[in-house]
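Here are a few exercises to work through with the viewer open. Try each one yourself before reading the solution.

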Amino acid sequence: MRLTDEERSLLDGAAGQAAKKAMQILVALGDIYGAEDLVPVRSVQVSGVSFHNLGEAGLEWLESMAVDGRVRAVTTLNPAGMDLEEWRAQGIDPGFAERQLRLVAAYTRMGIAPTCTCTPYLVGNLPGPGEHVAWAESSAVAYANSVLGARTNREGGPSALAAALTGRTPRYGLHLDAHRVPEVEVVIEAELASTAAWGALGRVIGKRAGTRVALLRTRARPSVAELKSLGASVVTFGGSPLFFLEGLTPAPGTRPTDSIVVQATDLEGAIAELSDGKDEIDLVALGCPHASLEELAELARMLDGRTVEKETWVCTARPTKLAAEKLGIVAAIERSGARVMADTCFAVTPLESRRGATIATDSAKGAYYASGHNKLRVHLGTVQDCVNAAVTGRWR
Amino acid sequence: MTTLTGRIIHAGEASGVALVSTAPISFFGGLDLETGVVVEKGHPLEGECVTGRVLVFPRGTGSTVGSFALLRLTRTQRGPAALVMESCDTTVAVGAIISEIPCVDRIHLPAITPGARITVRGAEVHLEGIGS
């Protein structure tokens, strides 16, 4: 791979140990994937934040990187393993909490904003069309490539951190025009009117289009909430983190010859495949990916004057929660007994103690991780279905 | 002694007895991080311990958290001595670099006999034969 003089000096350690380690990572990845050079990036999203996943060794490594590592790009952080402020109410072990807080502090020392969200594009990390970025968190990678028209591969935690500390990423894969061409057309004949339906569509695309770049044709006009549900689901179920929505998102003019048709029965089938819950539910989880201000406001309206029978969480980003608090939206949601949690989500917070419980959610991605990783039973439906289940304690 | 030459992913020198897998390895979920034993059901190396071995395998698979899993193994002295691969991927490459484990890829794996003593030095993989 071709390196500039400045990049070579970073690799030689002229800017410190962390930048040197970061360049070693980027050069190795560039060589593996045949990149010609490094491309400058001004926006990075870093994953690898839950102490649950990183352990003591990961924490020590990040603290060693934070000694002299400083970011050279706007950099935000993925969700942590707990609400960083209200972890006691969440029932988190103090030993876990202490290490989780140290982990986030190490990232913050490097200049990374502790946004702790999977939706950086909702809280100020918003690249423009055509911009090269280095993002981890697969749902955000899908949103960046497909909705925003930015360019990023699916980074892991350390490779994204390496990009942040150098302001560069290897130029291969989705950074290149040649890999941003639609390979299969997906004609959607089904109605799409909820986050759950768009999530179900993501599963159908992931399963049937595989890793091919899809061009979606639909009359529907998705909201931001529906687009993030779709992107999260496509990559969860094995699809490419790049797809195009004809007439809506930035797309090249070429048209693939291969075609897939999606009917209402396909979406119903996908929802049924993800649903194995008992009639009586135990837990309701919303906000996967993290809820926007608009979604929180809508939820407050749905819960107005009602009381939840079952434990109900909605996860969001701290900055979104702060705005919603000022507007009285958080108070309105919490009057019902539901809780607004920030900095974390039910995919990364430890849920082992709830094995076998039934969870209701509007997120296809959340449903997949709840049943696989956390061994929960699931009902997947609209936000209204989930609110009704929270209030009555039963699914429909 | 036979010498195979591959591509350096992380440069270093280490020796150990070859533990050869025909299947990809998922370091996060596939291994018990306390013991270094492969726990993935039905994996060709199920029940084997990677500690101190030269781990020979086609490529990594599974979650990108696998990079940190390799680091956790190494910091508790439970990690492999070196990694010899057919085709390295992001998760294992990053794991080798942050853990400082010697790692080489583009090696023709059938040339390596399980149980052979191996020294990895830079891009070279030296096979010393079983028991020598």
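**Exercise 1.** Work out what percentage of chain B counts as buried, and whether its radius of gyration agrees or disagrees with a compact globule.

*Solution.* Bear in mind that this is a predicted model. Step one: a residue is called buried once 20 or more other C-beta atoms lie within 10 Å of its own. By that count, 46% of the 132 residues in chain B are buried. Step two: a compact globule of 132 residues would have a radius of gyration near 14 Å, and chain B comes in at 13 Å, so the two agree. Step three: for the extents, the C-alpha trace of chain B spans about 35 × 25 × 25 Å along its principal axes.

**Exercise 2.** Lay out the secondary structure of chain B and say how its contacts spread along the sequence.

*Solution.* Start by counting: chain B has 3 helices and 10 strands. Next, put them in sequence order, which gives β-β-β-α-β-β-β-α-β-α-β-β-β. Finally, take the contacts in chain B between residues at least 6 apart in sequence; 70% of these join residues at least 24 apart.

**Exercise 3.** Describe how helix 7 and helix 8 of chain A pack.

*Solution.* For a helix pair, you want the angle between the axes and the distance between them. Helix 7 (residues 195–209) and helix 8 (residues 224–236) of chain A pack at about 30°, with axes 7 Å apart. Angles under 35 degrees count as roughly parallel, so helix 7 of chain A is roughly parallel to helix 8 of chain A. The crossing of helix 7 of chain A past helix 8 of chain A is right-handed. Now for the residues: helix 7 of chain A brings, among others, A:W198, A:L201 and A:I205, while helix 8 of chain A offers residues including A:L230 and A:V234. Sorted by class, this contact has 7 nonpolar, 7 polar and 2 charged residues.

**Exercise 4.** Break down the side of chain A that touches chain B.

*Solution.* The contact uses 17 residues of chain A and 15 of chain B. On the chain A side, the elements giving two or more residues are helix 2, helix 3 (51–68) and helix 6 (157–166). Helix 3 of chain A has the largest share, with 7 residues. By class, the chain A side divides into 8 nonpolar, 8 polar and 1 charged.

**Exercise 5.** Place A:G13 and classify its exposure.

*Solution.* First, find A:G13 in the loop between helix 1 (5–11) and helix 2 (17–32) of chain A. Then count: A:G13 has 13 C-beta neighbours inside 10 Å, so it is partly exposed.

Note on methods:
Residues are numbered from 1 along each chain as its sequence is written. Chains are lettered from A and ligands numbered from 1 in the order in which they are written. This is a predicted model: local features need pLDDT of at least 70, side-chain atom pairs count only at pLDDT 80 or more; totals for chains, interfaces and linings use all residues. Helices (H or I, at least four residues) and strands (E, at least two) are DSSP runs, numbered from the N terminus. A residue is buried if 20 or more other C-beta atoms lie within 10 Å of its own, exposed if 12 or fewer, and partly exposed in between; C-beta atoms are placed from the backbone. Axes are lines fitted to C-alpha atoms, for helices over the stretch in contact, and angles run from 0 to 180 degrees between N-to-C directions. Angles under 35 degrees count as roughly parallel, over 145 as roughly antiparallel, 65 to 115 as roughly perpendicular and the rest as oblique. A crossing is left-handed if the near helix is turned anticlockwise from the far one by less than a right angle, and right-handed if clockwise. Two residues are in contact if their C-beta atoms, placed from the backbone, lie within 7 Å. Ala, Val, Leu, Ile, Met, Phe, Trp, Tyr, Cys and Pro count as nonpolar, Asp, Glu, Lys and Arg as charged, and the others, Gly among them, as polar. The radius of gyration is taken over C-alpha atoms; the globule rule is 2.2 Å times the number of residues to the power 0.38.
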